[in-house]
Amino acid sequence: MGRTEIESPSGPPAGLDQLDPLLQHRSRLGALVLLADVDALSFTRLRLLLDETDGNLGAQLRKLEDAGYVKVRKEFIDRKPTTWYSLSAHGQKSLKAHLKAVESLIKSAKV
Amino acid sequence: MSNVQQIGEDLQFVRQAVARGRHPARGPASIYWLWAVYVLAGYALIDFDRPASGWFFMIGGILGGIASWQLGKRWALRTGEYDLEMARRGMLHWGGGIILAVASALALCAVNPPLRQGAYSGQMVVVLIGMVYFLGGVHFDRNFLWLGPLLMAGGVLVGFVPRYGWTALGAVIALGLVIPTLFPAGGTAGTVEQSA
């Protein structure tokens, strides 16, 4: 499949250097976008919405947790262990900056 | 170098995930059944024991609000989606809206004594609560878009029914509350509840 490379004769396009490397993975980006809209989502709910496998989603969420983008809370509901994820202030700020950079990038690609 | 197509595909993936999570702003069916029983019993009491109906609506309304909060919380835990802001908005709309409707009707009766006669005050409360229902349809569950005007019309027409008009109105509203819960309006909430 052919891809449209962003080319600019006068250096890198606007926004490219501001993209957050951690959020250039679609599952991590998707998780943060979903968490931005609510107080918390369970692992099961995130897995269903992102249509990911347990292993892959767990690994991606661990990266977000290690970077301080998400907060994790574990509790038992009906005797079953449930892991809850919520967006941290740092994660919210990073998501906003990343989306702004994506917007700039798309605008510059359209020119 | 990154590329536009990759970013486009990622954004499409995120858009699909967000769409999967978008379910109608309808809480658990148990809340609708709870309020259907409350409406049916309360409106029947107006016909059979009018003085008791006032106490029933007041105490039952408070207890129903607390029970709804608990049922909503339990549902959120089971579906895996905790949205306190949405819960607060719901409580503010239903709790605050109905308190304001009742207070407005009482204030109108206070300044216009003839309105206190007969069932006028009750009819006024119901018409104003019908407005709260309608706005609930605008903000939360589309089902209330028709249930609100139905309640308002019922609140007016019940004055022309000599016997058991309130009981009939209560039965219609109760059915209007529970019937939609038997037909899921789409979304993934139910699916998640089963898998969580």
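Okay, let's start with one small detail: the backbone nitrogen of Gly91(A) lies 3.0 Å from a polar atom of the Ser88(A) side chain. Before I go on, a reminder that what we're looking at is a predicted model.

So where does Ser88(A) sit? You'll find Ser88(A) in the loop between β3 (80-87) and α4 (89-110) of chain A. Is Ser88(A) buried or exposed? Ser88(A) has a relative accessible area of 8%, and since anything under 20% counts as buried, Ser88(A) is buried. If you ignore its neighbours within four places in sequence, Ser88(A) touches Gly68(A), Tyr69(A), Val70(A) and Lys71(A).

Now step back from that loop into the strand before it, β3(A). Six of the eight residues of β3(A) are buried, so the rest of the structure largely encloses this strand. And β3(A) belongs to a sheet. Which strands make up that sheet, and in what order? There are four, running β2(A)-β3(A)-β1(A)-β1(B), in an open sheet with antiparallel pairing. At the edges stand β2 (70-77) of chain A and β1 (81-82) of chain B; each has a single partner strand, so one side of each has no neighbour in the sheet. As a quick bit of background, strands in a sheet pair through backbone hydrogen bonds, and the pairing can be parallel or antiparallel.

Let's walk through the pairs. β2(A) and β3(A) are joined by eight bridges, in the antiparallel sense. One residue to click on here is Arg73(A), which stands opposite Trp84(A) in β3(A). The hairpin formed by β2(A) and β3(A) has two residues between the strands, and in that hairpin Asp78(A) takes a positive phi near 55 degrees.

Then there's β1(A), residues 40-42, which pairs with β3(A) over two bridges, again antiparallel. Trp84(A) comes up here as well, as the bridge partner of Ser42(A). Leu41(A), meanwhile, stands opposite Tyr85(A) in β3(A).

Right, on to chain B. What is chain B built from? It has eight helices and one strand, and along the sequence the pattern reads α-α-α-β-α-α-α-α-α. Chain B has 196 residues, and 35% of them count as buried. Among the contacts in chain B with a separation of 6 or more, 68% are between residues 24 or more positions apart.

Take helix α4 of chain B, residues 84-111. How far apart should its ends be? At 1.5 Å a residue, its 28 residues should span 40 Å, and the end C-alpha atoms are 39 Å apart, which agrees. The buried residues in α4(B) are Gly90(B), His93(B), Gly97(B), Ala101(B), Ala105(B) and Cys109(B). What do they pack against? That would be α5 (120-139) of chain B.

α5(B) also has α6(B), residues 144-157, as a partner: the two axes come within 7 Å and cross at roughly 170 degrees. Anything over 145 degrees counts as roughly antiparallel, so that's the label for α5(B) and α6(B). The list of residues where they meet is a long read, so here's a sample: on the α5(B) side it includes Val126(B), Ile129(B), Tyr133(B) and Phe134(B), and on the α6(B) side it includes Phe144(B), Leu147(B), Leu151(B) and Met152(B).

A little further along there's Gly165(B), which is in helix α7 (residues 165-178) of chain B. Gly165(B) is buried too, at 10% relative accessibility. Leaving out neighbours within four places in sequence, Gly165(B) is in contact with Asp47(B) and Val158(B). Gly165(B) and Glu85(B) are 80 residues apart along the chain, and their C-alpha atoms are separated by 38 Å.

Last stop: a place where helices from the two chains meet. The axes of α2(A), residues 43-50, and α1(B), residues 4-21, come within 8 Å and cross at roughly 125 degrees. These two helices are therefore oblique to each other. From α2(A) the contact uses Arg45(A), Leu48(A), Leu49(A) and Leu50(A), and from α1(B) it uses Phe13(B), Ala17(B), Arg20(B) and Gly21(B).

That's my tour, thanks!

Note on methods: Residues are numbered from 1 along each chain as its sequence is written. Chains are lettered from A and ligands numbered from 1 in the order in which they are written. This is a predicted model: local features need pLDDT of at least 70, side-chain atom pairs count only at pLDDT 80 or more; totals for chains, interfaces and linings use all residues. Side-chain values use heavy atoms; hydrogens and water are left out. The expected span of a helix is 1.5 Å times one less than its number of residues. Buried means under 20% relative accessible area, exposed over 50%, partly exposed in between (1.4 Å probe, protein chains only). Contact means heavy atoms within 4.5 Å. A polar contact is a pair of N or O atoms within 3.5 Å; within protein, one must be able to donate a hydrogen and the other to accept it, and residues adjacent in sequence count only if both atoms are side-chain atoms. Two strands pair if DSSP finds at least two bridges between them. Axes are lines fitted to C-alpha atoms, for helices over the stretch in contact, and angles run from 0 to 180 degrees between N-to-C directions. Angles under 35 degrees count as roughly parallel, over 145 as roughly antiparallel, 65 to 115 as roughly perpendicular and the rest as oblique.
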